[in-house]
Amino acid sequence: MKIDVLTLFPAMFAGPLDESIIKRARQAGLLDLSVHNLRDYAHNRHKTVDDRPFGGGPGMLLKPEPIFEAVEKLARERTRVILLSPAGRTFNQAIARELALQDDLLLVVGHYEGFDERVREHLADDELSIGDYVLTNGALPAMVIIDAVTRLLPGALGDEQSACEESFSHGLLEYPQYTRPAEFRQWKVPEVLLSGNHAEIAAWRAQQAKARTWERRPDLL
Ligand code: 4GX
């Protein structure tokens with residue numbers, strides 16, 4: 001999969017995507033990630049990418065010309081162009097699965113007060129938010145999406161991890177898990193887990209997962 005990112009802060013992307021599973025996926029050629037500086041597509045010698053909103057109001061907007069020119073240069077026929085902004089539909093595991101099926105993504109990171117509306121209307125295929133809180137810009141949301149999508153690419157996870165059931169795949173939160181020691185500061189691991197009775201363990205885990213989901217995330221049930 002090819003993912004291009006368009007942002008004013010390309011340096012933010014160094015680090016988080018150079019570790020662990022994402023690093024391995026990139027080395028293995030499963031993910032081809034390129035981060036581009038929107039400022040490189042500015043027109044004037046001041047490298048202006050923002051301007052004041054018509055009609056007044058606080059803050060600055062990203063100008064349309066640099067974004068259109070960057071996207072037109074970077075996007076291919078099948079590229080899905082996605083804006084990151086709090087006004088997007090809320091990203092979730094179902095959207096991650098859907099994006100993982102694409103060949104090409106181009107993530108356009110929101111900065112300042114947002115985009116000139118013509119970027120939305122005539123350039124973007126989709127607009128995503130990672131949740132209802134306010135960040136300083138869309139770089140972290142872009143990285144969240146890249147992370148969630150990349151681990152779904154075939155071969156990105158080792159067999160052990162990909163075989164393992166996980167929250168949101170089976171629709172419930174995880175059951176409680178324990179490792180050694182069996183007693184730590186007088187807190188004991190539930191007896192059933194030490195019993196060796198696999199049917200009983202499975203039943204206990206199913207019951208725990210359901211109770212926990214009911215308590216914490218009834219919206220998932
Ligand atoms: N999930 N932000 C984007 C600038 C902005 C404002 C309006 C477009 C329209 C966020 C989030 C988020 C803060 C990133 C505002 N861009 N993005 N930025 N939550 O809070 O995606």
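## His36 and its partner

The side chains of His36 and Asp4 meet in a polar contact of 2.8 Å. That's a good place to start in this predicted model. His36 sits in strand β2, which runs over residues 32–37. With a relative accessible area of 18%, His36 falls under the 20% cut-off, so it counts as buried. Leaving aside residues up to four places away in sequence, His36 touches Asp4, Val5, Leu6, Thr7 and Leu74.

## Helix α2 and what it packs on

Leu74 turns up again in α2, as one of that helix's buried residues. The others on the list are Pro64, Pro66, Ile67, Phe68, Ala70 and Val71. What do the buried residues of α2 pack against? Their partners are the strands β1 (2–7), β2, β4, β5 and β6 (104–109), plus the helix α4 (117–122).

## Arg80, a buried arginine

Strand β5 is home to Arg80. Is Arg80 buried or exposed? It counts as buried because its relative accessibility is 13%. Its side chain has a polar contact with the side chain of Glu98, at 2.7 Å.

Look further around Arg80, again skipping residues up to four places away in sequence, and you'll find it touching Arg89, Glu98, Leu99, Gln102, Asp104, Leu105, Leu106, Asp125 and Asp126.

## The largest pocket

On to the pockets. The largest one has a volume of about 310 Å³. It is lined by 22 residues, and Leu84, Ser85, Pro86, Leu135 and Asn137 are the closest to its centre. Two elements give two or more residues to this lining: β5 (80–90) and β7 (126–129). The largest share, four residues, comes from β5. By type, the lining splits into 11 nonpolar, nine polar and two charged residues.

## Around the ligand

There are 18 residues around the ligand, and Ser85, Ile130, Gly131, Tyr133 and Leu135 come nearest. Ser85 and Leu135 are also among the residues closest to the centre of the largest pocket.

Which polar atoms lie by the ligand's nitrogen atoms? Ile130 has a polar backbone atom 3.0 Å from a ligand nitrogen. For Tyr133, a backbone N or O atom lies 3.0 Å from a nitrogen atom of the ligand. Ser129 uses its side chain instead, with a polar atom 3.4 Å from a ligand nitrogen.

## The second largest pocket

The second largest pocket comes in at about 210 Å³. Its lining is made up of Asp51, Arg52, Pro53, Phe54, Leu61, Leu62, Lys63, Pro64, Glu65, Asp116 and Arg118. At least two of the lining residues come from β4 (61–62), and at least two from α2 (64–74). Pro64, already met as a buried residue of α2, is part of this lining.

How many residues of each type line the second largest pocket? Six are charged, five are nonpolar and none is polar.

## Backbone oddities

A few spots are worth a look if you like checking backbones. Arg180 and Pro181 are joined by a cis peptide bond, with omega at about 5°. Pro181 is in the loop between α6 (159–163) and β8 (183–184).

Then there are two residues with positive phi that aren't glycines. Lys47 has a phi of about 60° and is in the loop between β2 and β3 (50–51). Its relative accessible area is 38%, so Lys47 is partly exposed. Tyr112 has a phi near 55°, and its place is the loop between β6 and α4. Tyr112 is partly exposed too, because its relative accessible area is 40%.

Technical notes: Residues are numbered from 1 along each chain as its sequence is written. This is a predicted model: local features need pLDDT of at least 70, side-chain atom pairs count only at pLDDT 80 or more; totals for chains, interfaces and linings use all residues. Side-chain values use heavy atoms; hydrogens and water are left out. On a 1 Å grid over the protein atoms alone, a cavity is a set of points where a 1.4 Å probe fits but cannot get out, and a pocket is an open set with protein on both sides within 12 Å along at least five of seven lines; lining residues have an atom within 4 Å of a point. Grid points are joined across faces, edges and corners, and a volume is the space filled by probe spheres set on the points. Ala, Val, Leu, Ile, Met, Phe, Trp, Tyr, Cys and Pro count as nonpolar, Asp, Glu, Lys and Arg as charged, and the others, Gly among them, as polar. Buried means under 20% relative accessible area, exposed over 50%, partly exposed in between (1.4 Å probe, protein chains only). A polar contact is a pair of N or O atoms within 3.5 Å; within protein, one must be able to donate a hydrogen and the other to accept it, and residues adjacent in sequence count only if both atoms are side-chain atoms. Contact means heavy atoms within 4.5 Å. A residue is near a molecule or strand if one of its heavy atoms lies within 4 Å of it.
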